[in-house]
Structures are given as structure tokens and as C-alpha cells.
Amino acid sequence: MTNLLRDHAQLFDSPGPWTTIYVDGSTGTVDGLANDEILPRSVAQEMKDAGAPEQDVEAALRALGTSAKGLPDPVTRYVLVNDGTAVVDEFLPGALVGLAVTATGPIPDLTPLVRHTPEDFAYIVAEVGHHGGEVYLRFADGDEAHITSGDPDSVIEGDTDHTRKLGSGGWAHKRMQQHAEKVWKMNAGEVASEIDRIAAEHRAQLIIVAGDIRARQLVADEVSHESRAKLSIIESNTRAAGADEETFLEQVQQLVALTMADRQRALLERLAEKEGRGTRTSAVGRGAVIAALQQAQVESLLLETTAWDGETLLALDSAPWVALSEADTAGTGVLGTVPAVAGLLRAAALTDAQVTMYPSGALQEKPIAALLRWPTGPDVPAAG
């Protein structure tokens with residue numbers, strides 16, 4: 001399950017109604033400033049028209065009364081309201097992905113949030129030098145708040161005695177240079193240990209090392225085999241005076257984007273391999289995937305961003321969580337009819353399945369597929 005779904009999974013424990021708000025929150029122009037006054041009233045009216053409780057309308061008005069002023073445009077606003085409280089209230093960088101939404105229903109709809117930030121994974125940036133380095137945990141969605149224990153930014157300070165490398169010239173100079181190399185390596189070992197610890201704890205998919213040319217190589221040599229397989233070096237001494245911070249950040253984002261694309265491509269390759277071998281450990285199409293979700297069988301759900309727009313599913317109050325119709329609810333109570341993708345994301349979160357979103361057409365004939373935890377039995381008819 002993506003970190004985003006994991007972080008919000010507890011929302012599904014609370015009964016509805018829920019109001020989902022996904023709107024343009026930019027305030028960089030005169031029109032945008034006026035929008036700060038118009039938007040809350042407009043959303044409130046839409047909520048009333050949808051039958052939202054009055055206390056939820058008031059909670060939305062309070063939340064939307066907080067402006068995005070000072071944030072770089074464009075900015076998108078995502079708010080989830082339940083029982084008189086704005087349970088989620090986020091400013092998202094970038095323009096709307098798809099249409100604006102103001103809707104009230106029986107479950108929280110995370111679809112706009114997932115579409116806006118379709119891929120999320122932990123990565124590490126280490127900036128190293130003679131005296132140690134800083135190790136930062138980051139997430140592909142730009143978040144830095146996923147850490148539940150320890151400090152989000154770890155600073156490693158090693159032994160600073162004789163860390164200045166000396167020029168060649170005689171036995172004494174050589175001995176001093178060798179000692180400096182030992183100190184550097186010890187400091188590199190401390191940084192590498194911290195990288196390994198954070199990478200294992202947060203399942204980091206990318207490790208970036210930058211800084212002094214010798215120090216970054218020493219760190220790269222000291223990390224574990226598992227960390228080394230995910231490591232990229234940026235040949236920039238970011239700790240030096242006058243370092244080009246903007247270029248460094250661009251290089252980091254390029255590496256993050258490449259990692260994201262590699263992860264998505266690897267899932268598609270796994271899907272094609274499983275389909276080709278006939279291992280019955282994949283499902284393609286609406287009926288097959290929902291049947292697998294109902295059995296908590298889905299390891300990874302692959303979903304196109306525009307899949308099933310305008311279509312609905314039934315949200316259930318307990319396992320199997322989602323159904324195509326009342327005929328396959330397994331006697332479970334029906335919470336109500338919900339947007340199809342909202343129902344799928346909820347079922348994925350409640351069964352600990354990973355979710356990856358793809359652009360339209362990436363999955364070819366069927367906009368939904370899944371990699372399964374164990375093989376299916378006889379063929380499952382695929383509807384739609």
C-alpha cells in the first residue's frame with residue numbers, strides 16, 4: 001500500500017457521511033484573492049445541495065477560510081470533512097489533476113488525493129564531507145512527515161582531528177595523510193550505518209549521495225549491499241560554499257522521477273510475465289480484480305487514472321469491503337453506492353494492497369489489473 005493510503009487508512013473506521021472537497025486553492029492574482037472569499041461560499045452551497053450535515057458545512061467553511069497566500073501557485077486544496085471536523089486539510093502543489101470535486105457520500109473518497117500524488121516512496125539524500133554528513137529522509141510526494149520515531153533529519157558528526165588532507169612530501173606528511181584517510185573512513189562508516197538504518201526502517205527505494213568527492217565515494221563503499229543497489233551519486237559538492245542548490249535539487253528530482261518510472265515499468269513487466277506464463281497470480285479486468293480484492297488476494301493494484309470515471313460500486317461495512325452488486329456482498333451490510341475508484345482504493349487500503357496509478361492507455365485493453373499474493377483457482381469471469 002502506498003504511504004498515502006497507509007497514512008489515511010484509519011479514516012475508513014469512521015462512519016459517514018463524508019464530504020470530499022478538491023478545488024483550486026491558488027491565490028497568486030487579484031482574482032485568486034477574490035477566490036478566497038468566493039470559494040468557501042461556493043463549496044458550502046454545493047455541500048448543502050448534496051445533503052451534507054450543517055456541522056460539516058460549517059467545518060468546511062472554517063477550513064477553506066485559511067488561505068494559501070504565500071505558497072507558490074498553482075495550489076490545489078484537498079479537504080475531507082466528517083462529523084463536524086475537517087479531518088484532512090492539505091495544500092497540494094500544482095494544478096488540479098482532473099475535475100474539481102465537492103461530493104458527500106458514505107466513505108471518504110481519496111481518489112483526488114491519490115490522482116494528484118499517484119506514486120509515493122521513501123528516498124534518502126545524504127550530503128557528506130570530511131567531518132561527517134547530513135542524512136535526510138524524503139518522500140516522492142514531497143512529504144517529510146511520515147516518520148513516526150526518531151528525528152527526520154539525522155546529523156552525523158565524526159572525529160574532526162586531522163581531517164584536512166595534506167599534499168605529498170615526505171614520510172611524515174604521508175603518515176598524516178593516511179591518518180586523515182582513516183578518520184574519513186570512520187566518519188563515512190557512521191554516515192553509511194545511518195543510511196542503512198533509515199533505508200531498512202522506511203523501505204527507501206532510492207539513496208542519493210552528494211558532497212565532497214572523496215567522502216561520497218567512501219560512504220558509497222561503506223553502505224550495505226542492499227543500500228548500494230539503490231544508490232546514486234550526484235557529482236556535486238553541496239557542502240561547499242557557493243554550491244548551486246537549484247541545480248542539485250533538479251538532479252534529485254530527476255533521479256526520483258527515474259525511480260518512479262522504473263517502479264511502474266517493473267510492475268507492468270511482472271504483470272506481462274505472469275500473464276504470459278499462466279501462473280494464475282494476476283488478474284485483469286473489473287470482475288477478476290474485484291473478486292481478488294474480496295479475497296484480500298491483491299498484492300499490487302494497477303489502475304489507470306481515468307479508470308471508471310462516472311461508474312460506481314457498492315461499499316460494504318466489513319469484509320469483503322466492495323462489491324459489484326448486492327448479489328456478491330456475501331451477506332455484508334451495504335454502506336451505499338460510491339464512485340468506483342473510491343471503492344477500490346478503500347478495499348485496497350483495508351486489505352493492505354499496494355496501489356500504483358498509470359496514465360490512460362498504459363494498461364492497454366483493461367484499465368485495471370492486479371498482481372496476486374497466491375494463485376487463483378478456476379478462471380474468474382471478467383466483467384467489463
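Q: How many salt bridges does the count come to by the side-chain rule?
A: This is a predicted model, where local features need pLDDT of at least 70 and side-chain atom pairs count only at pLDDT 80 or more, while totals for chains, interfaces and linings use all residues. Residues are numbered from 1 along each chain as its sequence is written, and side-chain values use heavy atoms, with hydrogens and water left out. The rule asks for a side-chain nitrogen of Lys or Arg within 4 Å of a carboxyl oxygen of Asp or Glu. By that rule, the count of salt bridges is eight.

Q: Which residue forms a salt bridge with Asp89, and is that partner buried or exposed?
A: Asp89 sits in strand β3 (residues 85-93), and its partner is twelve residues apart in strand β2 (residues 75-82); helices (H or I, at least four residues) and strands (E, at least two) are DSSP runs, numbered from the N terminus. The closest N and O atoms of the pair are 2.9 Å apart. Asp89 is partly exposed at 33% relative accessible area, on a scale where buried means under 20%, exposed over 50% and partly exposed in between (1.4 Å probe, protein chains only). The partner counts as buried at 4% relative accessibility, and it is Arg77.

Q: What separates Glu201 and Arg197 along helix α5?
A: Their side chains meet in a salt bridge at 3.0 Å, N to O. Glu201 is partly exposed at 38%, and Arg197 is partly exposed too, at 40%. Since they are four residues apart in helix α5 (residues 171-202), the separation is about one helical turn.

Q: How many residues apart in sequence are the parts that Arg270 and Glu299 tie together?
A: The two side chains meet in a salt bridge, 3.2 Å from N to O. Arg270 lies in helix α8 (residues 245-277) and Glu299 in strand β11 (residues 298-304), so the parts tied together are apart in sequence by 29 residues.

Q: Which residues do salt bridges with shared partners join into one network?
A: Oppositely charged side chains can pair when their charged atoms come close. Here, bridges that share partners make one network out of Glu194, Arg197 and Glu201.

Q: Which ring has Arg286 over its face?
A: A charge sits over a ring if NZ of Lys or CZ of Arg is within 6 Å of the ring centre and within 35 degrees of the ring normal. Arg286 lies 5.5 Å from the ring centre, and the ring belongs to Trp308.

Q: Why is strand β1 largely enclosed, and which residue of β4 is the bridge partner of Thr20?
A: Six of the seven residues of β1 (residues 18-24) are buried, so the rest of the structure largely encloses this strand. Strands pair if DSSP finds at least two bridges between them; β1 runs antiparallel to β2 with seven bridges, and Thr19 has Val81 as its partner there. With strand β4 (residues 101-105), β1 pairs in the antiparallel sense over five bridges. In β4, the partner of Thr20 is Ala103.

Q: Which helix lies across β12, β13 and β14?
A: These three strands form an open antiparallel sheet in the order β13-β12-β14, with β13 (322-323) and β14 (334-339) as the edge strands. Five bridges join β12 (residues 312-316) to β14, and Ala315 has Gly336 as its partner. The helix lying across them spans residues 340-350 and runs at about 120 degrees to β14 (axes are lines fitted to C-alpha atoms, for helices over the stretch in contact, meaning heavy atoms within 4.5 Å, and angles run from 0 to 180 degrees between N-to-C directions). Its name is α10.
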